Amino acid sequence: MDRRQFVKISGLSAATLAAAGTLPGASLKAWDKKEKDLFGKKPKGHFSILQLTSVTDTIGNSYILRTKGGKVIVIDGGFETEQENLRARIAEAGNHVDLWFITHPHQDHMGAFAEIISDKKGITIDKVIYSRVPDDFLDREAANAADARRYYKAIDSVTEGTDILDLHTTGGRFDIDGIGIMVLGVANPELKGNPYNNQSMIIRFWDDTKSLVILGDAGIECGLKALAKYPDELNCDYMQMAHHGQNGCDEHFYKTVQFRACLWPTPSWVWEPAPQHTHLKTRETRRWMDEKGITEHHASCVEKDWFLE
(Lines give C-alpha, C1' and ligand atoms only; values in the text may rest on other atoms or scores of the structure.)
Protein backbone atom coordinates (compact mmCIF):
# COMPACT_ATOMS: atom_id res chain seq x y z
CA MET A 1 0.00 0.00 0.00
CA ASP A 2 1.71 3.20 -1.15
CA ARG A 3 0.87 6.79 -0.20
CA ARG A 4 -1.84 7.01 -2.86
CA GLN A 5 -3.55 3.87 -1.59
CA PHE A 6 -3.23 5.05 2.01
CA VAL A 7 -4.83 8.39 1.18
CA LYS A 8 -7.70 6.61 -0.53
CA ILE A 9 -8.34 4.24 2.39
CA SER A 10 -7.87 6.95 5.02
CA GLY A 11 -11.13 8.54 4.09
CA LEU A 12 -13.23 5.62 4.86
CA SER A 13 3.15 3.34 37.31
CA ALA A 14 2.83 5.70 39.75
CA ALA A 15 6.34 7.23 39.82
CA THR A 16 6.11 8.09 36.14
CA LEU A 17 2.62 9.50 36.55
CA ALA A 18 3.60 11.55 39.58
CA ALA A 19 6.19 13.36 37.50
CA ALA A 20 3.61 14.15 34.84
CA GLY A 21 0.70 15.06 37.10
CA THR A 22 -2.40 13.24 38.26
CA LEU A 23 -4.31 11.19 35.71
CA PRO A 24 -7.66 12.76 34.77
CA GLY A 25 -10.44 11.55 37.03
CA ALA A 26 -8.28 9.46 39.37
CA SER A 27 -5.90 10.16 42.23
CA LEU A 28 -2.47 8.55 42.15
CA LYS A 29 -3.37 6.56 45.25
CA ALA A 30 -6.55 5.27 43.62
CA TRP A 31 -4.65 4.43 40.43
CA ASP A 32 -2.03 2.48 42.40
CA LYS A 33 -4.76 0.37 43.97
CA LYS A 34 -6.53 -0.14 40.65
CA GLU A 35 -3.33 -1.29 38.95
CA LYS A 36 -2.69 -3.76 41.77
CA ASP A 37 -6.25 -5.07 41.54
CA LEU A 38 -6.05 -5.41 37.75
CA PHE A 39 -2.59 -6.77 37.26
CA GLY A 40 -1.46 -8.19 40.57
CA LYS A 41 2.03 -7.45 41.82
CA LYS A 42 3.99 -4.92 39.79
CA PRO A 43 6.37 -6.62 37.36
CA LYS A 44 10.03 -6.57 38.33
CA GLY A 45 11.26 -6.36 34.74
CA HIS A 46 11.96 -3.31 32.62
CA PHE A 47 11.82 -2.62 28.89
CA SER A 48 13.03 0.10 26.56
CA ILE A 49 10.98 1.41 23.63
CA LEU A 50 12.34 2.21 20.16
CA GLN A 51 9.95 3.89 17.72
CA LEU A 52 11.51 3.50 14.28
CA THR A 53 11.39 6.30 11.74
CA SER A 54 10.66 5.44 8.12
CA VAL A 55 13.76 5.71 5.95
CA THR A 56 11.61 7.08 3.11
CA ASP A 57 9.13 9.19 5.12
CA THR A 58 6.32 6.82 4.25
CA ILE A 59 3.43 5.56 6.36
CA GLY A 60 4.23 2.69 8.70
CA ASN A 61 4.27 1.25 12.22
CA SER A 62 7.45 -0.16 13.71
CA TYR A 63 8.53 -0.67 17.34
CA ILE A 64 11.22 -2.67 19.11
CA LEU A 65 11.02 -3.34 22.86
CA ARG A 66 14.06 -4.70 24.72
CA THR A 67 13.89 -6.04 28.24
CA LYS A 68 16.53 -5.56 30.91
CA GLY A 69 17.46 -9.21 30.48
CA GLY A 70 17.98 -8.87 26.73
CA LYS A 71 14.67 -10.20 25.39
CA VAL A 72 13.49 -8.55 22.15
CA ILE A 73 9.89 -7.87 21.12
CA VAL A 74 9.09 -6.44 17.69
CA ILE A 75 5.74 -4.88 16.81
CA ASP A 76 4.81 -4.71 13.11
CA GLY A 77 7.83 -3.36 11.18
CA GLY A 78 6.61 -1.18 8.34
CA PHE A 79 6.63 -1.58 4.57
CA GLU A 80 8.80 -4.04 2.66
CA THR A 81 11.02 -1.04 1.81
CA GLU A 82 11.86 -0.70 5.52
CA GLN A 83 13.21 -4.24 5.87
CA GLU A 84 16.92 -3.47 5.61
CA ASN A 85 16.71 -0.80 8.28
CA LEU A 86 14.65 -3.13 10.46
CA ARG A 87 17.13 -5.97 9.93
CA ALA A 88 19.94 -3.64 11.00
CA ARG A 89 18.14 -2.64 14.20
CA ILE A 90 17.37 -6.27 15.02
CA ALA A 91 21.05 -7.09 14.42
CA GLU A 92 21.99 -4.38 16.93
CA ALA A 93 19.75 -6.18 19.42
CA GLY A 94 21.52 -9.51 18.88
CA ASN A 95 19.81 -10.77 15.69
CA HIS A 96 17.29 -12.66 17.76
CA VAL A 97 13.58 -11.82 18.24
CA ASP A 98 11.85 -13.50 21.15
CA LEU A 99 8.36 -12.34 20.20
CA TRP A 100 6.97 -10.57 17.13
CA PHE A 101 3.44 -9.10 17.06
CA ILE A 102 1.72 -8.22 13.77
CA THR A 103 -1.33 -6.08 14.43
CA HIS A 104 -3.14 -6.51 11.08
CA PRO A 105 -2.44 -7.34 7.41
CA HIS A 106 -1.81 -3.90 5.90
CA GLN A 107 1.50 -3.65 4.05
CA ASP A 108 2.76 -0.72 6.12
CA HIS A 109 2.56 -2.99 9.17
CA MET A 110 3.48 -6.44 7.89
CA GLY A 111 5.45 -5.86 4.65
CA ALA A 112 8.95 -5.93 6.16
CA PHE A 113 8.01 -8.85 8.42
CA ALA A 114 6.76 -10.91 5.46
CA GLU A 115 10.12 -10.47 3.75
CA ILE A 116 12.11 -11.28 6.89
CA ILE A 117 10.09 -14.35 7.87
CA SER A 118 10.50 -15.65 4.28
CA ASP A 119 14.28 -15.12 4.27
CA LYS A 120 15.65 -14.54 7.76
CA LYS A 121 19.28 -14.03 6.70
CA GLY A 122 20.55 -14.98 10.12
CA ILE A 123 17.72 -13.57 12.22
CA THR A 124 16.12 -16.06 14.59
CA ILE A 125 12.51 -15.57 15.66
CA ASP A 126 11.11 -17.62 18.52
CA LYS A 127 7.41 -16.72 18.36
CA VAL A 128 5.01 -14.75 16.17
CA ILE A 129 1.57 -13.70 17.41
CA TYR A 130 -1.04 -12.44 14.98
CA SER A 131 -4.82 -12.61 14.60
CA ARG A 132 -5.76 -13.99 11.21
CA VAL A 133 -8.55 -12.47 9.16
CA PRO A 134 -10.78 -14.95 7.28
CA ASP A 135 -9.73 -15.35 3.66
CA ASP A 136 -13.08 -14.31 2.23
CA PHE A 137 -12.94 -11.13 4.32
CA LEU A 138 -9.71 -9.99 2.66
CA ASP A 139 -11.51 -9.03 -0.55
CA ARG A 140 -13.30 -6.22 1.31
CA GLU A 141 -10.15 -4.23 0.51
CA ALA A 142 -9.47 -5.36 -3.03
CA ALA A 143 -6.41 -3.10 -3.39
CA ASN A 144 -4.72 -4.79 -0.43
CA ALA A 145 -6.00 -8.37 -0.67
CA ALA A 146 -3.11 -9.73 -2.74
CA ASP A 147 -0.52 -8.32 -0.32
CA ALA A 148 -2.42 -9.72 2.67
CA ARG A 149 -2.54 -13.15 1.06
CA ARG A 150 1.21 -13.05 0.37
CA TYR A 151 1.76 -12.22 4.03
CA TYR A 152 -0.38 -15.17 5.14
CA LYS A 153 1.43 -17.41 2.65
CA ALA A 154 4.74 -16.38 4.23
CA ILE A 155 3.34 -17.25 7.67
CA ASP A 156 2.04 -20.59 6.41
CA SER A 157 5.44 -21.42 4.88
CA VAL A 158 7.15 -21.42 8.27
CA THR A 159 7.86 -25.08 9.02
CA GLU A 160 10.39 -25.00 11.85
CA GLY A 161 12.29 -22.71 14.17
CA THR A 162 9.44 -20.27 14.84
CA ASP A 163 6.26 -20.85 16.81
CA ILE A 164 3.24 -19.21 15.14
CA LEU A 165 0.22 -18.32 17.28
CA ASP A 166 -3.01 -17.20 15.59
CA LEU A 167 -4.73 -15.57 18.57
CA HIS A 168 -8.48 -14.98 18.78
CA THR A 169 -9.05 -14.57 22.51
CA THR A 170 -8.37 -11.52 24.64
CA GLY A 171 -7.59 -10.83 28.28
CA GLY A 172 -4.94 -13.45 28.96
CA ARG A 173 -1.80 -12.17 30.67
CA PHE A 174 1.68 -13.51 30.06
CA ASP A 175 5.12 -12.29 31.09
CA ILE A 176 8.47 -12.09 29.33
CA ASP A 177 11.52 -11.42 31.48
CA GLY A 178 9.40 -9.76 34.13
CA ILE A 179 7.29 -7.52 31.90
CA GLY A 180 3.54 -7.99 31.58
CA ILE A 181 1.74 -8.41 28.27
CA MET A 182 -2.01 -8.51 27.74
CA VAL A 183 -3.86 -8.66 24.41
CA LEU A 184 -6.96 -6.45 24.59
CA GLY A 185 -8.10 -6.73 20.98
CA VAL A 186 -7.95 -9.31 18.18
CA ALA A 187 -9.42 -9.60 14.68
CA ASN A 188 -13.05 -8.48 14.48
CA PRO A 189 -14.49 -9.87 11.23
CA GLU A 190 -17.98 -8.83 12.35
CA LEU A 191 -16.83 -5.22 11.82
CA LYS A 192 -17.35 -4.74 8.09
CA GLY A 193 -16.57 -1.03 7.77
CA ASN A 194 -12.97 0.21 7.57
CA PRO A 195 -12.23 -3.49 7.11
CA TYR A 196 -8.53 -4.14 7.71
CA ASN A 197 -7.92 -1.38 10.26
CA ASN A 198 -10.74 -2.64 12.46
CA GLN A 199 -8.98 -6.03 12.62
CA SER A 200 -6.06 -4.50 14.53
CA MET A 201 -4.71 -6.25 17.60
CA ILE A 202 -4.55 -4.04 20.69
CA ILE A 203 -1.77 -4.91 23.14
CA ARG A 204 -0.78 -3.66 26.60
CA PHE A 205 2.80 -3.87 27.90
CA TRP A 206 3.91 -2.84 31.38
CA ASP A 207 6.99 -3.01 33.58
CA ASP A 208 8.27 -1.67 36.89
CA THR A 209 7.85 2.00 35.95
CA LYS A 210 5.64 2.39 32.89
CA SER A 211 2.97 0.98 30.59
CA LEU A 212 2.41 1.10 26.84
CA VAL A 213 -0.66 0.39 24.73
CA ILE A 214 -0.30 -0.45 21.03
CA LEU A 215 -3.44 0.30 18.98
CA GLY A 216 -2.14 -0.55 15.51
CA ASP A 217 -4.59 1.01 13.05
CA ALA A 218 -7.65 0.50 15.26
CA GLY A 219 -10.69 2.20 13.78
CA ILE A 220 -13.57 3.73 15.71
CA GLU A 221 -15.52 0.50 16.08
CA CYS A 222 -12.47 -1.59 17.01
CA GLY A 223 -11.43 0.95 19.63
CA LEU A 224 -14.88 1.22 21.16
CA LYS A 225 -15.19 -2.57 21.33
CA ALA A 226 -11.96 -2.76 23.34
CA LEU A 227 -13.01 0.19 25.50
CA ALA A 228 -16.31 -1.49 26.40
CA LYS A 229 -14.52 -4.65 27.50
CA TYR A 230 -11.27 -3.27 28.95
CA PRO A 231 -11.91 0.30 30.17
CA ASP A 232 -9.24 0.07 32.88
CA GLU A 233 -6.66 -2.08 31.13
CA LEU A 234 -6.40 0.48 28.31
CA ASN A 235 -5.13 3.11 30.76
CA CYS A 236 -1.39 3.55 30.34
CA ASP A 237 1.55 5.95 30.30
CA TYR A 238 2.33 5.77 26.56
CA MET A 239 -0.38 5.42 23.92
CA GLN A 240 0.48 4.56 20.30
CA MET A 241 -1.92 6.70 18.32
CA ALA A 242 -4.24 4.62 16.17
CA HIS A 243 -3.89 4.70 12.39
CA HIS A 244 -0.85 6.99 12.57
CA GLY A 245 -2.86 9.53 14.54
CA GLN A 246 -5.63 10.19 12.06
CA ASN A 247 -8.98 8.55 11.23
CA GLY A 248 -8.41 5.93 13.91
CA CYS A 249 -10.01 5.74 17.35
CA ASP A 250 -12.48 8.53 18.05
CA GLU A 251 -12.61 11.46 20.46
CA HIS A 252 -14.67 9.52 23.00
CA PHE A 253 -12.06 6.75 23.13
CA TYR A 254 -9.11 9.09 23.59
CA LYS A 255 -10.84 11.29 26.15
CA THR A 256 -12.06 8.31 28.17
CA VAL A 257 -8.81 6.35 28.34
CA GLN A 258 -6.22 7.71 30.77
CA PHE A 259 -2.69 8.21 29.41
CA ARG A 260 -0.04 10.89 29.62
CA ALA A 261 2.04 10.69 26.41
CA CYS A 262 1.40 10.00 22.72
CA LEU A 263 3.52 7.93 20.34
CA TRP A 264 2.87 8.91 16.73
CA PRO A 265 4.14 6.46 14.03
CA THR A 266 3.52 9.23 11.54
CA PRO A 267 5.32 10.53 8.41
CA SER A 268 5.69 14.26 7.86
CA TRP A 269 2.88 14.46 5.29
CA VAL A 270 0.40 12.99 7.80
CA TRP A 271 1.79 14.88 10.80
CA GLU A 272 1.30 18.19 8.95
CA PRO A 273 -1.22 17.44 6.17
CA ALA A 274 -1.19 19.66 3.09
CA PRO A 275 -4.28 21.88 2.72
CA GLN A 276 -5.68 19.68 -0.05
CA HIS A 277 -5.53 16.59 2.20
CA THR A 278 -8.57 17.51 4.26
CA HIS A 279 -9.40 13.82 4.75
CA LEU A 280 -6.25 13.39 6.92
CA LYS A 281 -7.53 14.17 10.41
CA THR A 282 -4.22 14.48 12.27
CA ARG A 283 -4.82 18.05 13.36
CA GLU A 284 -8.18 17.05 14.79
CA THR A 285 -6.56 14.27 16.86
CA ARG A 286 -3.85 16.68 17.99
CA ARG A 287 -6.54 19.11 19.10
CA TRP A 288 -8.19 16.38 21.19
CA MET A 289 -4.83 15.78 22.88
CA ASP A 290 -4.46 19.51 23.59
CA GLU A 291 -7.94 19.56 25.10
CA LYS A 292 -7.02 16.52 27.19
CA GLY A 293 -3.99 18.38 28.52
CA ILE A 294 -1.34 16.08 27.04
CA THR A 295 1.94 17.83 26.32
CA GLU A 296 4.32 14.92 25.69
CA HIS A 297 4.34 13.81 22.05
CA HIS A 298 6.84 11.64 20.17
CA ALA A 299 6.27 11.68 16.40
CA SER A 300 8.45 9.40 14.29
CA CYS A 301 8.94 12.10 11.63
CA VAL A 302 10.03 14.66 14.25
CA GLU A 303 12.21 12.59 16.60
CA LYS A 304 14.23 10.18 14.49
CA ASP A 305 14.17 6.71 16.03
CA TRP A 306 12.80 7.99 19.35
CA PHE A 307 14.13 5.88 22.21
CA LEU A 308 13.05 5.53 25.82
CA GLU A 309 15.40 3.63 28.15
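1. In this predicted model, helix H10 spans residues 282-292, and its buried residues are Thr282, Thr285, Trp288, Met289 and Lys292. Viewed down the helix axis, the buried residues of H10 fall within an arc of 120 degrees, so they line one face of the helix.

2. The surroundings of that face can be named. The buried residues of H10 pack against two helices, H8 (251-256) and H9 (268-271), and against two strands, S14 (261-264) and S15 (296-299). After H10 comes Gly293, which has a positive phi near 90 degrees.

3. A charged side chain and an aromatic ring meet at Arg286 and Trp271. The charged end of Arg286 sits over the ring of Trp271, 3.8 Å from its centre. A further case involves Lys210, whose charged end sits over the ring of Phe47 at 4.2 Å from the ring centre.

4. Aromatic contacts deserve separate comment. A search of the whole structure returns 11 aromatic pairs. One of them joins Phe113 and Tyr151 in an edge-to-face arrangement, with 6.1 Å from centre to centre and 75 degrees between the planes. Phe113 belongs to helix H5 (residues 107-118) and Tyr151 to helix H6 (residues 142-156), so this pair ties together parts that are 38 residues apart in sequence. Phe113 and Tyr151 are both buried.

5. Tyr151 also pairs with Tyr130. Their ring centres lie 6.3 Å apart and their planes stand at 80 degrees, so this pair is edge-to-face. Here the link runs between distant parts of the chain: Tyr130 is in strand S7 (residues 127-130) and Tyr151 is in helix H6, 21 residues apart. Tyr130 is buried, as is Tyr151.

6. Which residues make up the aromatic cluster that includes Phe113, Tyr130 and Tyr151? Trp100 and Tyr152 join these three residues in one aromatic cluster. Within the cluster, Tyr151 of helix H6 is thus paired with Phe113 of helix H5 and with Tyr130 of strand S7.

7. For the protein as a whole, there are 10 helices and 16 strands. Of its 309 residues, 58% are buried. The accessible surface amounts to about 12,400 Å², and carbon and sulfur atoms account for 52% of that surface.

Notes
Residues numbered from 1 in each chain as written. Predicted model: local features only at pLDDT ≥ 70, side-chain atom pairs only at ≥ 80, totals over all residues. Heavy atoms only, no water. Phe/Tyr/Trp six-rings, centres within 6.5 Å; stacked < 30°, edge-to-face > 60°. Helix = DSSP H or I, 4+ residues; strand = E, 2+ residues; numbered from the N terminus. Buried < 20%, exposed > 50% of the residue type's maximum accessible area, 1.4 Å probe, protein only. Lys NZ or Arg CZ within 6 Å of the ring centre and 35° of its normal. Arc of directions from axis to C-beta. Contact = heavy atoms within 4.5 Å. Areas by Shrake-Rupley, 256 points an atom, 1.4 Å probe, with all protein chains shown as cover.
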